[in-house]
Each structure stands twice: as C-alpha cells, then as structure tokens.
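Biologist: Could you take me on a close look at one strand of this protein, and then show me what surrounds it? I am new to reading structures, so please go step by step.

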Amino acid sequence: IDVFAFIGSSRVADLLKAQHPHPHHLKSVLGLDAKNPAIVLKDADLQNAVRECALGALSFNGQRCTAIKIIYVHESIAESFQKMLVDEIEKMKIGLPWTEGVQITPMPESGKVDYLSEVIEDAIAKGGKLLNPNGGKHFQTLFFPAVLGGVNESMRVYHEEQFGPIVPIVTYRDISEPLDYVVKSNFGQQASIFGE
C-alpha cells in the first residue's frame with residue numbers, strides 16, 4: 001500500500017497504520033475525529049436552525065464524522081432554541097432500522113451505551129442539565145437522544161467526540177466564544193452557522 005486514506009477515529013487509524021510493514025514510510029491522508037460545532041446567532045431563523053441542528057446532530061444516531069457534535073447558541077435565544085429542539089427530538093421515532101419512519105436506531109458497537117451514559121452523568125455532576133424527559137433512556141443498545149444544556153469546559157462532552165445521540169448545548173454572549181472553541185479544538189472537520 002502506497003497511500004492510506006482514511007476517515008474515522010485516530011485510535012482505528014493508528015491500529016491500521018501499525019499493520020503496514022513500514023508504517024513510518026506510509027503516506028497518509030487522514031480525517032480523524034471531529035467535534036463539529038453549530039453556531040446559532042441571535043438573528044437566526046429558529047425553526048430552520050432547530051430542524052437542521054436536530055438532523056445534523058442525530059442522523060445516523062450522530063455516528064457520522066460530519067455530524068454536529070456541539071451547539072453554541074446565543075444567550076438571548078437559548079431558552080427558545082432549547083425548548084424547540086427538545087420538542088423536535090422528542091417526536092423522533094426510535095426503533096429498528098427496517099421499521100418505516102424510524103430515525104433513531106440501536107448503537108452498533110458494544111459498550112457505547114455505557115460510554116454515552118457516563119458522559120451524561122459527568123455533565124450533570126458538573127452542573128449540566130438533561131433538557132428532555134426521555135434523554136439518555138435506553139434498552140439494550142437503543143439509546144434515546146439526550147439534549148444537554150449548561151455545557152461548559154469542565155465537562156467531557158465539551159471536549160470528547162461523543163459519536164452518538166447526545167446533543168450538548170453551550171450558550172454564549174460574544175461571538176469570540178464559539179470562534180475560540182473552533183480555533184483551539186483538537187478536532188476539525190466542519191462547522192455550521194445559522195443566522196442572517
């Protein structure tokens with residue numbers, strides 16, 4: 001193999017590269033990990049922003065490199081945005097992938113539900129709030145999306161790519177806050193911006 005092109009996790013990329021007979025000579029083109037933010041400005045069309053953030057965060061259970069992994073919402077619209085997002089997510093149908101209309105399906109990897117539950121518990125222990133009544137409920141590997149409000153830098157969900165149906169929301173006052181997050185993040189794939 002002359003060139004290794006891979007999109008996925010850094011852990012898996014390291015495992016695959018180590019299998020090459022000369023891993024230090026292997027040319028690599030890698031898109032690894034992501035913590036893609038959505039930034040909702042105070043003049044955003046809330047219906048559009050909510051619809052797109054729900055879809056962007058939760059299609060394929062949020063298990064896409066390009067999924068929205070954290071949402072920054074201006075403090076002046078945060079309460080309305082969060083309520084509308086919770087309402088949108090609570091309508092999502094959960095079930096098996098071959099059932100018509102299902103939007104949330106079982107997690108495909110063992111241990112994922114435990115990890116997601118730990119991330120939620122960590123956020124709540126550090127002042128975060130679970131905003132939706134069904135958030136984080138699970139049966140075996142079915143995990144209902146959790147919307148977390150009050151997310152801050154002390155929480156794992158702020159830094160780690162959850163790669164699953166957790167929607168962390170950070171409120172901001174000044175646009176420099178989400179921009180600093182983007183600049184300082186260890187990850188980078190894309191960002192979404194909602195506003196006029």
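Modeller: Let's start with β1, which has two faces: Phe4, Phe6 and Gly8 make up the covered one, while Val3, Ala5 and Ile7 make up the uncovered one. Please keep in mind that this is a predicted model.

Now look at the neighbour of β1. Strand β2, residues 27–32, pairs with β1 in the parallel sense, over six bridges. One place to spot this is Phe4, which stands opposite Ser28 in β2. Follow the chain and you will find that β1, α1 and β2 make a β-α-β unit, and that this unit is right-handed.

Return to the covered face, and to two of its members, Phe4 and Phe6. Phe4 has a relative accessible area of 14% and Phe6 one of 18%. The cut-off for buried is under 20%, so Phe4 counts as buried, and so does Phe6. How are their rings placed? A pair of aromatic rings is described by the distance of the centres and the angle of the planes. For Phe4 and Phe6 the values are 5.6 Å centre to centre and 15° between the planes, and the pair is stacked.

A search of the whole structure finds four aromatic pairs, so it is worth meeting another one: the ring centres of Tyr72 and Tyr172 are 6.5 Å apart and their planes are at 55°, which makes this pair tilted. Tyr72 belongs to strand β4 (residues 68–74) and Tyr172 to strand β9 (residues 166–172), so the pair ties together parts that are 100 residues apart in sequence. Both tyrosines, Tyr72 and Tyr172, are buried. They also belong to one aromatic cluster, made of Tyr72, Tyr158, Tyr172 and Tyr181.

Next come the pockets. Rolling a probe the size of a water molecule over the atoms shows where empty space is left. The largest pocket holds about 350 Å³ of space. Its lining has 13 residues, and the closest to the centre are Ser9, Asp33, Lys112, Glu161 and Phe163. Here our strand turns up again: β1 (3–8), α1 (10–18) and α4 (112–125) are the elements that give two or more residues to this lining. Sorted by kind, the lining of the largest pocket has six nonpolar, two polar and five charged residues.

The second largest pocket has about 270 Å³ of space. Among its 14 lining residues, Glu153, Tyr158, His159, Tyr181 and Lys184 lie nearest the centre. You have already met Tyr158 and Tyr181 in the aromatic cluster. Two elements, α5 (156–159) and α6 (176–184), give two or more residues to the lining of the second largest pocket, and the largest share, five residues, comes from α6. This lining divides into five nonpolar, four polar and five charged residues.

Finally, a look at the backbone. Most residues other than glycine have a negative phi, and most peptide bonds are trans. Phe163, from the lining of the largest pocket, has a positive phi, near 45°. Phe163 lies in the loop between α5 and β9, and is partly exposed, with a relative accessible area of 23%. Gln140 also has a positive phi, near 50°. Gln140 sits in the loop between β6 (138–139) and β7 (142–143), where it is exposed, with a relative accessible area of 61%.

Definitions and conventions: Residues numbered from 1 in each chain as written. Predicted model: local features only at pLDDT ≥ 70, side-chain atom pairs only at ≥ 80, totals over all residues. Heavy atoms only, no water. 1 Å grid on protein atoms, 1.4 Å probe; cavity = no way out; pocket = protein on both sides within 12 Å on 5 of 7 lines; lining within 4 Å. Points joined across faces, edges and corners; volume = space filled by probe spheres on them. Helix = DSSP H or I, 4+ residues; strand = E, 2+ residues; numbered from the N terminus. Nonpolar A, V, L, I, M, F, W, Y, C, P; charged D, E, K, R; others polar. Buried < 20%, exposed > 50% of the residue type's maximum accessible area, 1.4 Å probe, protein only. Pairing = 2+ DSSP bridges. Right-handed = clockwise from strand over helix to strand, strands pointing away. Phe/Tyr/Trp six-rings, centres within 6.5 Å; stacked < 30°, edge-to-face > 60°.
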